[in-house]
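Hi everyone, thanks for coming. Today I'd like to walk you through a structure, one piece at a time. Let's put it on the screen.

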Amino acid sequence: MNFESPTAVADALRSVDYLPDDRISQVVFLAGRLDKPILVEGPAGVGKTELAKSLARVTGRDLIRLQCYEGLDESKALYEWNYKKQLLRIQSDVDHDWEDIEQDIFSEDFLLTRPLLEAIRSPDPVVLLIDEVDRVEVETEALLLEILSDFQVSIPELGTMEAKTQPMVILTSNNTRELSEALKRRCLFLHIDYPDAEREQEILAARVPGLSEHLAAQVAKVARSIRNLDLKKAPSVSETIDWARTLLALSIDDVDEAILGDTLHVLLKYQSDIEKAAKELTSSAQA
Amino acid sequence: MLGIITGFIDELRAAGVPVSMVEAIDGMRAVEAIEIGDRIALRETLRATLIKNLRHESAFDTAFDVYFSTLPLGFGDPEDQGLSSDAPWPEGAEHPEQPPFDLDLLLDSLLEALAGLDEEAVRRGARTAVDELAGMEPGRPVGGTYYLYRTLRRLDLKELEERLLAALMEDQDLSEFDQRLLREEVEARIEHLREQIEEEIRRRLVADRGRDAVARTLRRPLIEDVDLMHATTKDLQEMEAAIEPLTRKLAARLARRRRKREGRLDFKRTMRRSLGTGGVPADPQFRHPRPHRPEVWLLCDISGSMATFSRFTLQFTHAMSTHFSKLRSFAFIDTIDEVSDFFGPGVDFGSALQRVTTEAEVVWLDGHSDYGNSLETFNARYGRQLTPRTTVIVTGDARNNYRPPRDSVLGEIAKAARALVWLNPEPEAYWDTGDSAMSHYANHCTSVHEVRTLRQLEQFIEDLTLPGSRPLQNA
């Protein structure tokens, strides 16, 4: 997937209401030029997964998603033999030579493709999203290496399956553990942080139709203010969007302490955080 | 250009950032694909290819500013053409028609620029401020902070902030809540100005003394190499992000035990394997046994000499409490008290820390470390609850103020527990000097480690192998 320039990336993403900053558009541009996967890291809810979805929408490609979890193995990520079908095949055909049957049951007809294999076997190029890659064990991570660097999958019975088309690969990580050097080396690294107040305001305006400029600015500033506090979990962009929607639904057009206090639970998800934020934000007003 | 990038990569490596050969080559290839004159594009390109860890980004930013600050900023900035190296900084002679410098005039124009969000004017103001106020002398081997200090002493940012706030509030009747939001907005803009000034100074230093020299003076240890005994609060906050993955890893390490064929038959997998042998289940498959829940007891020295380190260990304790259901923590100075209940999921670390320092009864006599008494009290009060599954981790410098070490108690603790690990934040060379009683205690420990930096802690967790938990009847 080749864009003309980083600016072209930014324009394309903007057209689907994803507002990238300089860093994001630059890295996406490079990924296209160098044919490298992007490893996106950052706090939850800043739009890591959304980036992949938006890229799929921009390019009109299909999005193939592999959600990682502890215990993910190759039969869920790469491929699996359809053993029921193989069994039927063996039973239905007792007269043939075993060698013929063996040849037959280990062919592509009996292969169940899983997301990774599917992504490289697809006749049209796709966007492959490997979500929350930090959730899998280190050993499983190794499964990804071949596909990330060479865009191919080796199946012992069949040989190497090479990519028909070059997928655009996005990996996301919440950084709950350190990923292996081998994986990182193969990727471009992109850290997405909470946006600054101006960009957040733009995001709100794009994502919440009907939101007044004044309210969007206020929501963005409150979000920044809360993120400055030392909290267990700072409000994510998706949470500020939810909050803006809530305010809109309640037809509120100006936020004050009382309204903030009543709707804080949309932004923050821990009781201790809610109490702390309420105390901080309202006490400063009294002082 | 190639030369500068190689120099830049060398500088990153010198600062401790691991940049592999492959990454360096990727960086070069990537640079070929972009517009070379655009500084932001170059920065993000090099960052994406060379830096693979958030902890290394600040080192990257510092080095990048030094190596590429003379490039134009790109993105439509006609005036900012960078400085050529033969004219270190524009002397007064370059603007002969300008009136003599007037600080108030500068402040006024800065104020206007900040209020109107005029990016270009802010940068121009920052440049003038450095011209007139920093008093930079070519060839003088001082760091940027000295000039920054000189500039900011005259250019009172605090006052500028107040004036800006007043100017923005002027014709509006704002509620207190809106005022707070506005104040934060103003703080952000002033901070931006400060960064501009800092960048300007750095740029001139580079032009004067060359990239490599400036990079050397600005080099800071990476966050994983900061000495935990002398870490600042800011350092500790930065470490917080790194601690979380570490505690997970420690949890995984402690749960690991020797793989034996255990667990129940996995019927589904056995059937599937049997296809390879024509339906004969020749290769029975078993479910993996459930990982057992490790018990960890942490004993932290929180005496004055250990202030910074103990904050770190408590931070670590706090993070661990979300991964270990059976974590107990104890704090001691000259006696010991349990602090487990202060930590836990959903608890704010700040308040937990406060409770440890105010509520825990850790002072018995005079508030100077007494390991002997602490350990004895610990053994008397909690020793019977130790099981052969418990791993005890002691963190402390073993400086006992020349009091009797009473280390035999530690032997009893070690015998009752699965393992006893001691983490000492002092360099190994200092152990047993002065009032340190490390070797007395080390005799009884399963292992003793020097943990002075985050990197060493990482290493300790990486290498950790403990004896398997013994069966209960042997206890």
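Let's begin in the interior: the largest nonpolar core has 119 residues, and the members that touch the most others are A:Ile170, A:Leu188, A:Leu190 and B:Ala63. Which helix of chain B gives the most to this core? That would be α9, residues 176–209, with 9 residues. Before I go on, please keep in mind that this is a predicted model.

Apart from that core there is another one, made of 60 residues. Its members include B:Leu228, B:Met239, B:Val394 and B:Leu457.

Now find B:Ala63 again. Leaving aside residues up to four places away in sequence, B:Ala63 touches B:Phe8, B:Glu11, B:Leu12, B:Ala15 and B:Ala215.

Let's turn to chain A as a whole. Its secondary structure comes to 14 helices and 9 strands. What is the radius of gyration of chain A? The value is 24 Å, whereas a compact globule of 287 residues would have one near 19 Å. If you draw a box along the principal axes, the C-alpha atoms of chain A fill roughly 90 × 45 × 35 Å.

How much of chain A is buried? Buried residues are 39% of the 287. And here is something about how the chain meets itself: take the contacts in chain A with a separation of 6 or more, and 76% of them join residues 24 or more positions apart.

Next, the domains. The assignment splits chain A into domain 1, which covers 6–71 and 116–191, domain 2 at 79–113, and domain 3 at 197–286. Measuring tape out, in the computed sense: the centres of domain 1 and domain 3 of chain A, taken over C-alpha atoms, are separated by 31 Å. Where these two domains of chain A meet, domain 1 brings 8 residues and domain 3 brings 10 residues. On the domain 1 side, you'd count 4 nonpolar, 2 polar and 2 charged residues.

Finally, let's see how the chains meet. In this contact, 35 residues of chain A face 32 residues of chain B. Which helices of chain B each supply at least two residues to the side that touches chain A? They are α2 (21–32), α3 (39–50), α9 and α11 (233–255). So we meet α9 of chain B again, the helix that gives the most to the largest core. As for the character of that side of chain B, it divides into 13 nonpolar, 6 polar and 13 charged residues.

That's my tour, and I'm happy to go back to any part of it.

Definitions and conventions
Residues numbered from 1 in each chain as written. Chains lettered and ligands numbered in written order. Predicted model: local features only at pLDDT ≥ 70, side-chain atom pairs only at ≥ 80, totals over all residues. Helix = DSSP H or I, 4+ residues; strand = E, 2+ residues; numbered from the N terminus. Rg over C-alpha atoms; globule rule 2.2 N^0.38 Å. Buried ≥ 20, exposed ≤ 12 C-beta atoms within 10 Å, placed from the backbone. Contact = placed C-beta atoms within 7 Å. Core = buried A, V, L, I, M, F, W, Y, C linked by C-beta atoms within 7 Å. Domains from an automatic or database assignment. Nonpolar A, V, L, I, M, F, W, Y, C, P; charged D, E, K, R; others polar.
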